[in-house]
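Work through the exercises below with the model open beside you, trying each task before reading its solution.

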Amino acid sequence: MFKILKKEELSDLVILFEIEAQDIAKKAKAGNFFTLRIDEQGERIPLTIADFDRKKGTITTVFQKMGKTTHHLGTLNAGDSIMDVIGPLGMHSHIENFGKVICVGGGVGIAPTYPIARALREAGNTVISVIGARTKDLVFWEDKMRAVSDELIIVTDDGSLGRKAVVTVPLDERLTEDKDIALVYAIGPAIMMKFVCVTTQKHNVKTIVSLNSIMVDATGMCGACRVEVGGETKFACVDGPEFEGHKVDFNLLMSRQRMYINEEKIAFERYKEKSGVK
Amino acid sequence: MEEKKEDKQPKKRVTMKEQEPLVRARNFMEVPCGYTPEEAVAEASRCLSCLNPMCRKGCPVAIDIPSFVKLIKEGKFIEAAWKIKEDNALPAVCGRVCPQEIQCESMCILGKKGEPVAIGNLERFVADYEREKGEVQIPERPKLSGRKIAIIGSGPAGLSCAADLIKSGHQVTLFEALHKPGGVLIYGIPEFRLPKAIVEKEVDYISKLGVKVVLNAVIGKLFTIDELFSEQGYDACFIATGAGLPMFMGIPGENLNGIYSANEFLTRANLMKAYLFPEYDTPIKKGRNVAVFGGGNVAMDSARVALRLGAEKVYLIYRRSEAEMPARKAETHHAREEGVEFLMLTNPVRLIGDGKGNVCAVECQKMELGEPDASGRRKPIPVKGSEFQIEIDVAIPAIGTRSNPLLTKTIPDLSLNKRGYIIADEETGMTSKKGIFAGGDIITGSATVILAMGAGRNAARSINEYLKWKYWDTSKFVS
């Protein structure tokens, strides 16, 4: 059992947990993820490691309530325990001094962007961060992101916070102005990463994305998470989750993410009925 | 005269009752129902108690078969179970999933003229009897040796190795990457062939012996082997991580929705209990028309799970003929009885989507058999112009696995073969790196439960020797 030490409601839908997981905290690096299973009936879902504290022995994750499992998870409180926590999984980010980099975090993807931006900054990069969400309530960690960025740009779809734009707008501007951007990191919904890649391709800037495909064991055993990168089938769990964005088939990723859309509805309806969640 | 003549005829084998095929094809309960005590005694009484028992030679872990069969004959069922456990920590599992027809039973002298003694059925009976009567005996723990051994992977190889080493007085930790112990016994073999409650009991027995089971521990990620040695004080390590990554066919359309590796399909159904969705949260596509590609036991398991999930049609598509199928005869027989349709000499060439990302058909090609290939089996050759399509909504390639590099790539000085499997001495399990032993599918590629158990036992024996002498022979690995 893995104890939740701290819970923070970053918005109505976005929750932060600090989970006691000594051994995972010791090994976690930017770009890693973990999987969890809430209880005996639970499914295994991958979540990002948004931060870790090696001394305290904790990992931090941020998730958005979407379907049954994440809503159920959101009902847990500090002091409660999660049955299984498995990690750190996936290849960690490749960090070096590239020079000037842009980190784009969209929605709940802001969370995993944070440790990467921090690591890039520590490695000597100039870090420009662009964070965005649909609306003000879904933006979080503004301060944390500012602390690890040389410059922070905030956008919302509705203009309720920062600039009224999608992330690709300031990204495109910066890439037009600044010819010495060496690398772009983008983590967020698949559709956002797809359009970030369309933008950066135009400017011919290498882009790393982190793919959030459906997983089961997340150790390479099942292949549920397969994605196509450069025309080759890869397993996001062990070959990734980070890949060169220009080579990723995002349409396939999005199609595969919708594979259980009917089952997700059934599970969520059933859960709502039982738990009274709206 | 007439009567005497009949007496000489060997008695007929006592068949084990089974659920009716069309009934069981729609439930996840076990197919065979087990022997009654009377049936077990009757079957055991067929044994001739040979002076030179060949059956034991056919067993990869050399169970004392004549002795346990004799105990059954005498009605001493519990004692019979204990006798087996001297050599085999998982009798309820082996009684169910060992290919006895090519091992112990194939050597039985009765098999020369008629049917061999049903050794597997008898093993299963006594193991179940012991478990159900609650008389599982936990041997006294030996004096502690002060040595620590890490076993990576809690499948059949890891479990049998752990059971032996704990009896030698060592401190044994079994690390498992998944959230449940048992490896392939839990995620791979379906409930109707091996009820999970039985696996849990067998693992429980091994932890009662004193083995510490650590779940959710992905070695290579959470700890490296070097850290187990240097920071956690382990003296030796046995790697038994299994065969690993699923193979796909490399044909167009393979990443469409509705296409599962057999590993994924079975893991969802078995480990995650997706057949109980939505009571359990993990979903699985319950296809109406399902195609399974492959001819091994895993293909049979997948086909039979698909049926039980409610498929109307399940096609088993195999590119050679039935004679070349690697699956156990009993498995193909069961699958066919239950209504799986066999399409032999047929090869899938592409999977076709419905325009919304889901698979809706498979295009196949007829094959014919040519000259024998490297495996000694006749090579299938495509028949030109024989393409045809089958409507499906779920497809399951069950064409084997390759090695998972997750752990091995974190051990730089460990020798691997070209296919990424660990090179180890078959007899001892010794690898190129001092203190590391390996066995089971991570050495051999996909094989059987009992072979993995044999490898676990061999490794346990040589780990004991190693702890005594600290001698490491790497001459075999210098190329």
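**Exercise 1: an edge of a sheet**

In chain A, β5(A) is joined by 3 bridges to the antiparallel strand β6 (residues 58-64); find a facing pair of residues, and then place both strands in their sheet.

Solution. Begin with D51(A), which stands opposite T60(A) in β6(A). Strands here are DSSP runs (E, at least two residues), numbered from the N terminus, as are helices (H or I, at least four residues), and two strands pair if DSSP finds at least two bridges between them. Next, follow the open sheet of 5 strands, whose order in chain A is β5-β6-β2-β1-β7 with antiparallel pairing. Because β5 (51-53) and β7 (81-82) of chain A each have a single partner strand, they stand at the edges, and one side of each is left without a neighbour in the sheet.

The model is predicted, so local features need pLDDT of at least 70 and side-chain atom pairs 80 or more, whereas totals for chains, interfaces and linings use all residues. Residues are numbered from 1 along each chain as its sequence is written, chains are lettered from A and ligands numbered from 1 in the order in which they are written, and side-chain values use heavy atoms, leaving out hydrogens and water.

**Exercise 2: the interface**

Describe the contact between chain A and chain B, and locate one salt bridge across it.

Solution. Count the residues in contact (heavy atoms within 4.5 Å): chain A and chain B give 44 residues each. Then apply the salt-bridge rule (a side-chain nitrogen of Lys or Arg within 4 Å of a carboxyl oxygen of Asp or Glu), which finds 4 across the interface. One of them joins E227(B) to K27(A), with the closest N and O atoms 2.5 Å apart.
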